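Me: I'm new to this one and would like a close look at a single part of it, the open sheet. Could you walk me through it, starting with the chain as a whole?

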Amino acid sequence: MGLSWGPGMAPAWELSADSETPCILLEPLHGETGEALDFRWTSMNVPAEGWVRSLELGRHVSLWTREGAALFDVATFVRVLMRGVPHVGLLPGDAAGRRYVVVRHGEGLALWLLPRDEGQAADAHQAERERAARQEVEAALARAEQTVSALREAEERYRLATRATHDVLWDWHFATDHVRWDPGTGNAFGHATSVLEHKLGWWGERVHDEDRDRVVDRLVEFVASTGDVWSEEYRFQRADGSWAHVLDRGVLARDDEGRPVRMIGSMMDVTERTRQLETMVEEARFRERFIGILGHDLRNPLNAIVLSARAQKRRGPLECTPEQYRQHAQRIEASATRMGNMIADLLDLTRARLAGGIPLRKGPTDLGAVCQQVVDELSAAYPDRAVAVDVDGKAEGEWDSERLAQVLSNLVGNALEHGSPDAPVFLRCWTKGEHQVLEVQNPGNPIPEELRERLFDPFRQGEGEREQGGRRNSGLGLGLFIVKEIVQAHGGTVEVTSTQKEGTTFTVRLPRPPRPKAKAKAGRSRTRTA
């Protein structure tokens, strides 16, 4: 093989065959960490071959010397390779005063040796050829400068885009399994700068357990496929242990043989967007259930009123017996009362959702008296049932007596309706530390655990719970929701326990505010069966 050209290489910038400007192509020699340490020639044209032979130069640039001095600075060649900016200098020890130009060419460099001035050439023809060669080199330098300028502009766009986004930009190199994060103006989910460069496994460990297999498997499948763009949504763990919903997208780069070598992408925090979407979906479901249940439940008492009125109108006052007249009137009154209760519940629901809670009118209150009032009212509706009331000590404080009566009416009413018909319901009231405790307990079958988790949700009857205890519930399924809202408006809590042995117990804890100056009616410790 001759000295002029190596296999697989081409002259820099497609130099014409008759050019007399020496040109040498160089390839870098890398160290263990990847940095360029030296260069060696791979091919050259005929004029360059003569120059190399005349100086008896070897293959490596670091060994090119003249009179004991290095011809070229290897560090300068490395800078040209890394930055892409051409370098021009005088050729050391050259009698003709020639210059040399080093430019990046492919994965290596091209070294040109230029004459000092065409005016010093032996004849006009030689000067013209050298000027043409120099113009060719200058045009190549201009193109190289344009390329460098374009690269700088692209780098500047990337830098500005990085500063403008809160996304985490990542760069995954397959050869080393090394990932670099660039958090832009974000905080990289709170992770320290020490982990901005990490292995892919570090990322996988912080994907949520329920998402990890799906996300990692699809990433592996994507890399093995012929696709170019990957996208997944999953939960990623922040540094404080909380979870962020992220949208992760990446673009795959392949080599000439189609093998994946690099993947670049971004992680976008979509937690707030996901939360808003879930809220919108929940609101849509809420409206659907609201309209459906409202239309169904209000229609029943309204139909009862209409039918009773029509029957009364059809028979007339003379044909209707006193008993029939009384039944019609009772049905109309009961249906109207039921509709009124439903409307009151809907108003409370609206206040709770739109006004941030149910409003209260607090005043001096004796909970013992409230308990007895509620039991007396329910005794009329359930004359065959027993309610045992136990008030221990004084139960006085600053509360909304009407709202707490509503709480007790809901809880005791539910116990009477769903508890064992032959067992009493227990209503207890006592002081414990800084709290006043109310407890409603009834024997009977326990509430299934899956229902207890959503027992205080609105419209819970809308999901298969409309038939309970052999009786049809006549409400909208808002009772326990309103109980929770009233108790929370007082700064208290409400809990439920339900077992086969102990039955079902609702426990309300209300904070005891400072005793009001106005003296409330004292409740005495008593036990009574209604």
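How much accessible surface does the chain have, and what share of it belongs to carbon and sulfur atoms?

Reply: Happy to, and keep in mind that this is a predicted model. The accessible surface of the chain is about 30100 Å², and carbon and sulfur atoms hold 52% of that. Of the chain's 530 residues, 40% are buried. You'll find 11 helices and 23 strands along the way. If you take contacts between residues at least 6 apart in sequence, 58% of them link residues at least 24 apart.

Now for the open sheet. It's built from 6 strands, lined up as 10-9-8-13-12-11, with antiparallel pairing. At its edges sit strand 10 (197-199) and strand 11 (229-237), each of which pairs on one side only. Go from one strand to its neighbour and, on average, you get a turn of 25 degrees, ignoring direction.

Let's zoom in on the strand 10 end. Strand 9 (residues 178-182) pairs with strand 10 through 3 bridges, in the antiparallel sense. Look for His-178 there: it stands opposite Lys-199 of strand 10.

There's a helix to go with this sheet, too. Helix 5 (residues 209-224) lies across strand 8 (168-173), strand 11, strand 12 (243-254) and strand 13 (260-269). Against strand 11, helix 5 runs at about 160 degrees.

For a contrast in pairing, hop over to strand 15 and strand 17 (residues 425-432): they run parallel, joined by 5 bridges. Val-389, for one, has Leu-427 in strand 17 as its bridge partner. Strand 15 (residues 387-391) has 4 of its 5 residues buried, so the rest of the structure largely encloses it.

Conventions. Residues are numbered from 1 along each chain as its sequence is written. This is a predicted model: local features need pLDDT of at least 70, side-chain atom pairs count only at pLDDT 80 or more; totals for chains, interfaces and linings use all residues. Side-chain values use heavy atoms; hydrogens and water are left out. Buried means under 20% relative accessible area, exposed over 50%, partly exposed in between (1.4 Å probe, protein chains only). Helices (H or I, at least four residues) and strands (E, at least two) are DSSP runs, numbered from the N terminus. Two strands pair if DSSP finds at least two bridges between them. Axes are lines fitted to C-alpha atoms, for helices over the stretch in contact, and angles run from 0 to 180 degrees between N-to-C directions. Contact means heavy atoms within 4.5 Å. Accessible areas come from the Shrake-Rupley method with a 1.4 Å probe; for residues, only the protein chains shown count as cover.
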